[in-house]
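User: Please take a close look at one part of this model, the nonpolar patch on its surface. Then go on to the cysteines and the surroundings of one arginine.

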Amino acid sequence: MNGGYINPPPEKRQFRDPYADWWDKQERRNYGEPVHEDNDILGMFSPEEYTHYTSGKAFFLLGCFITTTLGLCGVVSMFYPDKPSTPREFPDGLERELGGPNALRARKAGDEL
């Protein structure tokens, strides 16, 4: 006790019944009810406590997602070609169209890939 002040047990307001007849419906608190000294942590405007999944189930779902994504990438890499089946060839390698003999030329018939 702090100078005769009764400190109630710590209970997060998020877990109180939202349909009860509260005097302050937003904070889920009655008039004259003592406030815990850590009210800033236990009040309604503090970060919401995450209770949707346990950590084991969350890691299981994360593992399923990673396995599915990598499996899909593996299947696509087996069936998706890396390049076109036949590279394009141009007569004379488009030397004149690309700017003459000193210009960077396209692949000419007989050049290595």
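**A nonpolar surface patch, and beyond**

Analyst: Five residues form a nonpolar patch on the surface: Phe 59, Leu 62, Phe 65, Ile 66 and Leu 70. Together they have about 560 Å² of accessible area. The model is predicted.

Take Phe 65, one of the patch residues. Phe 65 sits in helix α2, which covers residues 55-79. Its relative accessible area is 54%. The cut-off for exposed is over 50%, so Phe 65 counts as exposed.

Next, the cysteines. A disulfide is a covalent bond between the sulfur atoms of two cysteines. Here the count is 0 disulfides, by the rule of two cysteine sulfur atoms within 2.5 Å. Cys 64 has 33% relative accessibility and is partly exposed. Cys 73 has a relative accessible area of 47%. That value lies between the 20% and 50% cut-offs, so Cys 73 is also partly exposed.

Now the arginine. Arg 13 lies in the segment before α1 (39-42). Its relative accessible area is 5%. Buried means under 20%, so Arg 13 is buried.

What does the side chain of Arg 13 make polar contacts with? One partner is the side chain of Glu 27, at 2.8 Å. Another is the side chain of Asn 39, at 3.3 Å. Glu 27 and Asn 39 also appear in the wider contact list of Arg 13, which leaves aside neighbours within four places in sequence. The rest of that list is Arg 28, Arg 29, Val 35, Leu 42, Gly 43 and Met 44.

Methods: Residues numbered from 1 in each chain as written. Predicted model: local features only at pLDDT ≥ 70, side-chain atom pairs only at ≥ 80, totals over all residues. Heavy atoms only, no water. Patch = residues over 30% accessible without salt bridge, like charges linked within 9 Å, V, L, I, M, F, W, Y side chains within 5 Å. Areas by Shrake-Rupley, 256 points an atom, 1.4 Å probe, with all protein chains shown as cover. Salt bridge = Lys/Arg side-chain N within 4 Å of Asp/Glu carboxyl O. Helix = DSSP H or I, 4+ residues; strand = E, 2+ residues; numbered from the N terminus. Buried < 20%, exposed > 50% of the residue type's maximum accessible area, 1.4 Å probe, protein only. Polar contact = N/O pair within 3.5 Å; in protein donor to acceptor, adjacent residues only side chain to side chain. Contact = heavy atoms within 4.5 Å.
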